[in-house]
Amino acid sequence: MSESAFFERLEQQYDAQLPFVVYSRPINSIIKCWLQKDDALNKTNTFEESGFVFSPFDLNNPAIVLPQNECEHHVLEIENLQLETVKNEDFESNTSGKQTHIELVEKGLTAIKSGQLDKVVLSRCEERLVSEHPITLFKRLFNTYKNAMVYCWYHPKVGLWLGATPELLFKVEGQQLTTISLAGTQPYNADETASWTEKELKEQQIVTDYLAEQIAPYTDNTNISEVETIRAGNLWHLKTRLISRISTETKLKSIIQALHPTPAVCGFPKKKAMQFILDNENYNREFYTGFLGELNLQFSKTRNTNRRNVENNAYSVVKKQSNFYVNLRCVQIIGDKAKIYVGGGITKGSDANNEWKETQNKAKTMGYILT
Ligand SMILES: C=C(O[C@H]1C=CC=C(C(=O)O)[C@@H]1O)C(=O)O
């Protein structure tokens, strides 16, 4: 399918108010779209279906699935999309929510100092006007953020979301589980390399240890990589990769419950941090810090037995794969309004003013795209 035919088909779907998702995984020149044939709202809480899942932060609310069999699928392989308009480099975060956010962070710090919590991720959302077509915004995301999972998701009964997330929640290919530990934020500077403090490195190590502990009941042989610095748009983060094997009887839902929400979007102890967020943030995160991605898709892997004199010794095994990304650096579009969602991890020693600035920097990821 040509680039123009691909995007015309997407625009038709949006004009007909039918559900769709268009997305591209990090470091990938493949753009996929799923177009649901009707406007049914398909929910899941078992995660046993095959499809594309869009899950809220709070799993007490249902996740939405675009079922694989009820969607038309298209794939486009391309390096850069044609775009007439470019991104705006002058985005200035709006300061109207500053006082409220600082008070929220201070409340979080008080809870940490009193020993109720070790870490809590506190967030806010800021509004902007938006005039451009969501498909144009998606194209700009794809051209701008090559090492993020970029997407535009729409359901007429739920809403319209776009994002460029750097965080893999986890992926499962057959029995192999991969997850990442992401923490620490610094503004990206092309002329310098990131230099991290002991405090930042220690906090990222805590996240890694926590994830290893969470997956331990379902896995064996966990291999933990070295810590690396990765770029996500205008920011640097610290990242570690954890790879292990899950036992055959483990259900995908158990892995979801073990890993979501990660300390990068909630905190720990997990339940207490979650409760603190629900009681104090004073707005609904909805799908921000939820997760999205391919659910139980079948793929075949070719194996070679390597035995001589055996004809047809290559055979293929059908396996299932899922890959979910945490819905970060995202925006919800309602009419001509864009709500940009941003947050940051608060630990002992965090400074409320710096935390506010960090959310302003994070807002630029989507701000640059909205013009
Ligand atoms: C919660 C967000 O970022 C998380 C991911 C990476 C680094 C983070 C931090 O440094 O605080 C956050 O935990 C957000 O972008 O809204």
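Buried means under 20% relative accessible area, exposed means over 50%, and partly exposed lies in between, with a 1.4 Å probe and protein chains only. This is a predicted model, in which local features need pLDDT of at least 70 and side-chain atom pairs count only at pLDDT 80 or more, while totals for chains, interfaces and linings use all residues. Residues are numbered from 1 along each chain as its sequence is written, and side-chain values use heavy atoms, with hydrogens and water left out.

**Exercise 1. Backbone outliers after α6**

Task: Find where Glu286 and Asn282 lie, and classify each as buried, partly exposed or exposed.

Solution.
Step 1. Start with the reference case. Most residues other than glycine have a negative phi, and most peptide bonds are trans.
Step 2. Take Glu286. Its phi is positive, about 50°, although Glu286 is not a glycine. Glu286 is placed in the loop between α6 and β16. Helices (H or I, at least four residues) and strands (E, at least two) are DSSP runs, numbered from the N terminus.
Step 3. Classify Glu286. Its relative accessibility is 28%, so Glu286 counts as partly exposed.
Step 4. Take Asn282. This non-glycine residue also has a positive phi, about 65°. Asn282 lies in the loop between α6 and β16 (291–304).
Step 5. Classify Asn282. Its relative accessible area is 73%, so Asn282 is exposed.

**Exercise 2. Cis peptide bonds**

Task: State which loops hold Pro261 and Pro269, and give omega for the bond that leads into each.

Solution.
Step 1. Go to the bond from His260 to Pro261. This bond is cis, with omega near -10°.
Step 2. Place the proline. Pro261 sits in the loop between α5 (252–259) and β15 (267–268).
Step 3. Go to the bond from Phe268 to Pro269. This one is cis too, with omega near -5°.
Step 4. Place the second proline. Pro269 is in the loop between β15 and α6 (270–280).

**Exercise 3. The ligand site**

Task: Describe the shell around the ligand, its polar atom pairs and its secondary-structure elements.

Solution.
Step 1. List the neighbours. There are 15 residues around the ligand, and Thr185, Ala264, Tyr288, Arg329 and Gly345 come nearest. A residue is near a molecule if one of its heavy atoms lies within 4 Å of it.
Step 2. Sort the shell by type. It divides into 6 nonpolar, 6 polar and 3 charged residues. Ala, Val, Leu, Ile, Met, Phe, Trp, Tyr, Cys and Pro count as nonpolar, Asp, Glu, Lys and Arg as charged, and the others, Gly among them, as polar.
Step 3. Check the pocket. The ligand takes up the space of the largest pocket.
Step 4. Assign elements. Two or more shell residues come from each of β11 (176–187), β19 (337–347) and α7 (352–370). The largest share, 4 residues, comes from β19.
Step 5. Read the distances to ligand oxygen atoms. A backbone N or O atom of Ala264 is 2.5 Å from one. For a backbone N or O atom of Gly345 the distance is 2.8 Å. A polar side-chain atom of Lys362 lies 3.4 Å from a ligand oxygen.
Step 6. Compute the cover. Taken alone the ligand exposes 400 Å², and the protein buries 97% of that. Areas come from the Shrake-Rupley method with a 1.4 Å probe.

**Exercise 4. Two histidines in strands**

Task: Which side chains make polar contacts with those of His237 and His74?

Solution.
Step 1. Fix the criterion. A polar contact is a pair of N or O atoms within 3.5 Å; within protein, one must be able to donate a hydrogen and the other to accept it, and residues adjacent in sequence count only if both atoms are side-chain atoms.
Step 2. Locate His237. It is in strand β14 (residues 235–246). Its relative accessibility is 2%, so His237 counts as buried.
Step 3. Read its partners. The side chain of His237 contacts the side chain of Arg329 at 3.1 Å. A polar atom of the His237 side chain also lies 2.7 Å from the backbone oxygen of Gly184.
Step 4. Locate His74. It belongs to strand β6 (residues 71–77). With a relative accessible area of 18%, His74 is buried.
Step 5. Read its partner. The side chains of His74 and Glu72 are joined by a polar contact of 2.7 Å.

Technical notes. 1 Å grid on protein atoms, 1.4 Å probe; cavity = no way out; pocket = protein on both sides within 12 Å on 5 of 7 lines; lining within 4 Å. Sits in = over half its atoms within 2 Å of the grid points.
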